[in-house]
Amino acid sequence: MLESLLSPNTVAVIGASRSPGKVGHAVVANLLASGFQGTIVPVNPQANEVLGLKCYPSLDAYGKPVDLAVIVVPPKAVMEALESAIRVGVKAVVVITAGFKEVGPEGAALERVLVERCKAAGIRLMGPNCLGVMNIHHRMNATFAAALPPPGPISVISQSGALCVAILDWAVKERLGLSKVLSIGNKADLNEADFLEALAQDKETRVVVSYLENITDGNKFLQVAEAAASVKPVIVLKVGITQAGARAASSHTGSLAGADMAYGAAFKRAGVIRAVHFEELFDYARAFAAQPLPRNNRVVVITNAGGPGIMAADAAESCGLRMVPPSEPIRQRLREALPPAASVGNPVDVIGDADPDRYMKAFELIQEDEGIDAIIVLVTPQNMTRPTELARRLIEAHRGVKPVLAAFMGGQEVAAAQELLVGAGIPNYPSPERAVAALKAMVDYAAWRNRPPRVVARIAVNRRRVNRVLQWHVRSGSPQVGEVEAKEILRAYDFNVLPGQLARSADEAVEVAERIGYPVVLKISSPDIIHKSDFGGVRINLATADQVRDAFDLMMVRIQRKAPRARVRGAYVEKMGPRGREVILGMTRDPNFGPLLMFGLGGIFVEVMKDVTFYLAPITQDEAMQMLKSTRSYALLQGARGQEPVDLEAIASALQRISQLATDYPQIRELDINPFVVGPVGMRPYVADARMTLSGIEPSRHEQVAH
């Protein structure tokens, strides 16, 4: 796939220039400087030669087959250049030229024509508005960036051409080996998923790093990324997440979701390693490119200084790595090999006067320990250290069975050592925290690779009942599904809904209360009032007929005063349920990735701390449990600080049923069960309140009431 683009034999540069400083000159110069072994065909009607190469007035004049055409002419001349490329059988084009959809409607229209013509001719298009394409192993630099890093195992996909230039320049300075560098620009045709699919099959690429501002097709990306991550690490820096998620959302789930949560959930599902900052892209890539994956999360730190060791230990424990001590036999051998003042726990502190011999005794013993999965070596340049010799011996001793990461800290005294390490494939970091973060990325990825097969369980449900409710809302033009109907839908998916009924008068409310038994809860029922408590629309623990009657009458008066335009159907009278832990379960449908499930504890945990977690539907039992474990408040569910533990399996089961509902009914755009009350094992959890929003229904004029 994409062979003509990534490894062409003949490259035409349409818009080649004799003038240094012009893009068309730079592309030809870079092809020559990179040592491209194929044929370079400059095209410019105003020149006979460019940089010593024969220049043709058009591709028609060249007349021979061409694999790849790089177009660098002004926007209005791009279509003419493309037509000439089509006539000589070009299989792929890179349009470096800017001035398309990024500049406005006229440019967007021109871009659509460009794409349609390429598709009709069976040509793949990269760009427009991009830096170009580089294949360092193929000795091809078809970009206007002069920097050419050494060949290596890391390939780059970037939506920003300027960032590509910075990456290339930095990689030259750091001697970081790259394989392919792909600037995708406007990605009018070929996008991140296409290139990721190609790089997944590329034998010269061991790690893929990507800078993305948006994803064109969420479902396709998920499928391709998961397939790619199954064979090699995929690291993504996704930016543009703050404003992208700001949208009108009436539910807790919708308002908390946002684009960042959706991308995070998508990457988690697909096994994509997410870099939060630019430096993490290549911090992680260095580790993945040269080191084996760890078997588990047990790490030992070897250091000659207490402070850096503590920094590493803090970072490791904070991110979930296990700082386990060496096994007792290894610790005994360490005691024999190290001075009495040394520490043989974790970190293993070989103390400040350690020379390379002492460091290597500790390192070689830790390598032998079957209970250790990874080693981080910290070095500060003290009098006896001899960092360069230590680095050389570390390289020689590393067996390549478990990952070794280093942090030779300092400047000039450790520069030569750092260069040796990087050249030999042992990643070196300027601080312990960055080494730990890279190792954590490796541990998480290894765990994802070893995950059990995904089995999504399904339960028998009453779809007829759900269809009846949804059809009524379509006929009535009401996209808001209130508590009564939402609970009817949830009951069809085996949720426990307490006895209750809608009452249209105080007397009817009393009748319902006496039939279902006191105490009861009274809640306003209106499609125009979503957050009932904000309007005084909830009364709990009503124990007598008089309390129910008074609460009903007072509620109607308050609602009339606070929301005079709201359509009030009455009040929902419901049996008061047992006390338990209140959690929120929800779903919002992301436009790119589909149904996004949400879980969080109620009250301050969701309102103030925003302690929620999201996962893409459909989910497995394991993934549902992982949703619970990934919240900061998970310990409270387990029974921390004197709290009674709750039935975690019941919450996980409820999330799976919401997952099935969201998958079965794509017209449900948002769903909130708030709260879902869960207790200890043996108490059946119940839905205390619920609401949904449907898509594809034009709201009637009454639906415009402010909520």
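Seven elements each supply at least two residues of the lining of the largest pocket: strands β13 (234–238), β14 (273–275) and β26 (612–616), together with helices α9 (252–270), α11 (306–319), α16 (432–449) and α22 (621–629). Keep in mind as you turn the model that it is a predicted one. The largest pocket has a volume of about 1,700 Å³. Its lining counts 43 residues, and if you want to find the centre, look for K268, D444, Y615, Q626 and S630, which lie nearest to that point. Sorted by class, the lining of the largest pocket has 23 nonpolar, 8 polar and 12 charged residues.

Two of the helices just named, α11 and α16, also meet each other. Their axes come within 8 Å and cross at roughly 30°. Angles under 35 degrees count as roughly parallel, and α11 and α16 are therefore roughly parallel to each other. The crossing of this pair is right-handed. On the α11 side the contact is made by P308, M311, A312, A315, A316 and C319, and on the α16 side by P432, E433, V436 and K440. The residues of this contact of α11 with α16 divide into 8 nonpolar, no polar and 2 charged.

A second helix pair is worth a look next. Helix α19 (residues 506–516) and helix α20 (residues 545–562) have axes that come within 9 Å and cross at roughly 140°. The two helices, α19 and α20, are therefore oblique to each other. Here too you can check the handedness: α19 passes α20 in a right-handed crossing. From α19, the residues A506, D507, A509, V510, A513 and E514 meet A545, V548, R549, F552 and D553 of α20. The contact of α19 with α20 divides into 7 nonpolar, no polar and 4 charged residues.

Back to open space in the model. The second largest pocket has a volume of about 1,100 Å³. Of the 50 residues that line the second largest pocket, K523, V538, N674, P675 and D689 are the closest to its centre. By class, the lining of this second pocket has 20 nonpolar, 15 polar and 15 charged residues. Two of the central residues deserve another glance, for a cis peptide bond joins N674 and P675, with omega about 5°. P675 itself lies in strand β27 (residues 668–678).

There is another cis bond to find. The peptide bond from N346 to P347 is cis, with omega near 10°, and P347 has its place in the loop between α12 (328–337) and β16 (348–349). Following the chain onward, I351 lies in the loop between β16 and α13 (356–368). I351 has a positive phi of about 60° although it is not a glycine. R386 is also a residue other than glycine with a positive phi, near 50°, and R386 is found in the loop between β17 (374–379) and α14 (387–397).

What about enclosed space? Rolling a probe the size of a water molecule over the atoms shows where empty space is left. A search of the whole structure finds 1 cavity of 30 Å³ or more. About 30 Å³ of space lies in the largest cavity. Its lining is made by I157, E192, L196, V208, S210, F221, V234 and V236. The elements that give two or more residues to this lining are α7 (192–200), β12 (207–212) and β13. By class, the lining of the largest cavity has 6 nonpolar, 1 polar and 1 charged residues. Strand β13 thus brings us back to the start, since β13 is also among the elements supplying at least two residues of the lining of the largest pocket.

Definitions and conventions
Residues numbered from 1 in each chain as written. Predicted model: local features only at pLDDT ≥ 70, side-chain atom pairs only at ≥ 80, totals over all residues. Heavy atoms only, no water. 1 Å grid on protein atoms, 1.4 Å probe; cavity = no way out; pocket = protein on both sides within 12 Å on 5 of 7 lines; lining within 4 Å. Points joined across faces, edges and corners; volume = space filled by probe spheres on them. Helix = DSSP H or I, 4+ residues; strand = E, 2+ residues; numbered from the N terminus. Nonpolar A, V, L, I, M, F, W, Y, C, P; charged D, E, K, R; others polar. Axes fitted to C-alpha atoms, helices over the stretch in contact; angles between N-to-C directions. Parallel < 35°, antiparallel > 145°, perpendicular 65-115°, else oblique. Left-handed = near helix turned anticlockwise from the far one by under 90°. Contact = heavy atoms within 4.5 Å.
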